[in-house]
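Work through the exercises below with the coordinates open. Try each task before reading its solution.

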Amino acid sequence: VVVVVAVVVVAFLFVIRPTTKITENMASKYDVKDYAPNGPVAQRIASVTPYFPFKGIERFYDIGGFLKDPEAFQLCVDVFVERYKAMDIDIIAGIDARGFVLGPPIALALKKPFIMLRKKGKMPNSISGSTYSKEYAGNDSLCIPRNSVQKGQKVLLIDDLVATGGTLTAGIELIKIAGGEVVECACVVEIKFLNAKQKFEEKGFGEVPIWALIDESILTYDGMKDKNLVPDPSQYKDDGEAH
């Protein structure tokens, strides 16, 4: 029995402990206090965020790439927490649907309530905003839970990506209808050349900042060239639908 216990202890010391140390060293390579757009943390996340031809768009960026990479996903959440932990924010709001993936872990870390801005008709006891044009196809509108935002409360609005800015401006408008104030719109990715800020100005929301960790200049991972993702490109089908 003594011999067996000794073997187990040795195995723990020389197998388990070094593995833990390696994991810690990997995480320590990145400093989330340096959350500069397109900086080292951004590059790490961008390296596992592929793009595909989808919905008729040549480069449709898929955040599912970094969501399945625990280190990259954790870095993404940690960066947002680091940026907003000292900001005067009462509520975190996420936009349907990928804002629902990113928003809750950030809200939990900041100990703030999280609310969903859902597509119209998807949530009971809600207030609906006006119709807006979607980035890819068609029109839509958002709704917010009734009485979820009190007058004057400060809201951080989160989505995965901002392109033309139509969805975010719809979200800002809805928060204002509910009585709140959007202090910033935060996204993982901003497609700079589409100039979402112009849409903000046109809608009268020019005072609301947009902050994004990554822009298209460092999103160079072509999913079609990765055989682990697309074994046979000739069989790939753009089956994206407006939703």
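**Exercise 1: A salt-bridge network**

Arg 44, Asp 69 and Glu 71 form a network of linked salt bridges. The model is a predicted one. Task: place Arg 44, classify its exposure and describe its link to Asp 69.

Solution.
- Step 1. Locate the residue. Arg 44 sits in helix α2.
- Step 2. Apply the cut-off for burial, under 20% relative accessible area. Arg 44 has 14% relative accessibility, so Arg 44 counts as buried.
- Step 3. Check the pair. The side chains of Arg 44 and Asp 69 meet in a salt bridge, at 3.0 Å from N to O. This pair links distant parts of the chain, 25 residues apart: helix α2 covers residues 40–46, while Asp 69 lies in the loop between α3 (64–67) and α4 (70–84).
- Step 4. Compare burial. Arg 44 and Asp 69 are both buried.
- Step 5. List the contacts. Leaving out residues up to four places away in sequence, Arg 44 touches Tyr 30, Asp 69, Glu 71, Ala 72 and Leu 75.

**Exercise 2: Two lysine pairs**

Task: for the salt bridges of Lys 85 with Glu 82 and Lys 176 with Glu 207, give the distance and sort the partners by exposure. How many salt bridges does the model count?

Solution.
- Step 1. Start with the count. The model has ten salt bridges.
- Step 2. Take Lys 85 and Glu 82. Their side chains meet at 3.1 Å, N to O.
- Step 3. Sort this pair. Lys 85 has a relative accessible area of 52%, so Lys 85 is exposed. Glu 82 has 18% relative accessibility and therefore counts as buried.
- Step 4. Take Lys 176 and Glu 207. Their side chains meet in a salt bridge at 3.8 Å, N to O. The partners are 31 residues apart and link distant parts of the chain: Lys 176 in helix α6 (residues 166–178), Glu 207 in the loop between α7 (196–202) and β11 (210–215).
- Step 5. Sort this pair. At a relative accessible area of 39%, Lys 176 is partly exposed. At 53%, Glu 207 is exposed.

**Exercise 3: The sheet**

Task: in what order do the seven strands of the open sheet run, and which strands stand at its edges?

Solution.
- Step 1. Write the order. The seven strands run β5-β8-β4-β3-β9-β10-β11, with mixed pairing.
- Step 2. Find the edges. β5 (126–128) and β11 each have a single partner strand, so one side of each has no neighbour in the sheet.
- Step 3. Add the twist. From one strand to the next, the twist averages 25 degrees.
- Step 4. Look at one pairing. Strands β9 (residues 154–162) and β10 (residues 181–190) run parallel and are joined by eight bridges. Leu 156 has Glu 184 as its bridge partner in β10. Leu 161 has Val 189 as its bridge partner in β10.
- Step 5. Check cover. Nine of the ten residues of β10 are buried, so the strand is mostly covered.

**Exercise 4: Helices on the sheet**

Task: which strands does α4 lie across, and which does α6 lie across? Test the length of α4 as well.

Solution.
- Step 1. Place α4. This helix lies across β9, β10 and β11, at about 150 degrees to β10.
- Step 2. Place α6. This helix lies across β3 (91–95), β4 (114–119), β5, β8 (142–145), β9 and β10, at about 35 degrees to β8.
- Step 3. Test the length. At 1.5 Å a residue, the 15 residues of α4 should span 21 Å, and its end C-alpha atoms are 21 Å apart, which agrees.
- Step 4. Look for burial in α4. Its buried residues include Glu 71, Ala 72, Leu 75, Phe 80 and Glu 82.

**Exercise 5: Confidence and one strand residue**

Task: what is the mean pLDDT of the chain, and where does pLDDT stay under 50? Then classify Asp 140 as buried or exposed.

Solution.
- Step 1. Read the mean. The protein chain has a mean pLDDT of 89, and 86% of its residues reach 70 or more.
- Step 2. Find the weak stretch. Over residues 1–27 pLDDT stays under 50, and the model has five contacts beyond four places in sequence for them.
- Step 3. Place Asp 140. Asp 140 is in strand β7 (residues 139–140).
- Step 4. Classify. Asp 140 has 16% relative accessibility and so counts as buried.
- Step 5. Take a distance. Asp 140 and Lys 119 are 21 residues apart along the chain, and their C-alpha atoms are separated by 7.2 Å.

Technical notes: Residues numbered from 1 in each chain as written. Predicted model: local features only at pLDDT ≥ 70, side-chain atom pairs only at ≥ 80, totals over all residues. Heavy atoms only, no water. Salt bridge = Lys/Arg side-chain N within 4 Å of Asp/Glu carboxyl O. Helix = DSSP H or I, 4+ residues; strand = E, 2+ residues; numbered from the N terminus. Buried < 20%, exposed > 50% of the residue type's maximum accessible area, 1.4 Å probe, protein only. Pairing = 2+ DSSP bridges. Axes fitted to C-alpha atoms, helices over the stretch in contact; angles between N-to-C directions. Contact = heavy atoms within 4.5 Å. Expected span 1.5 Å × (residues − 1). pLDDT = per-residue confidence, 0-100.
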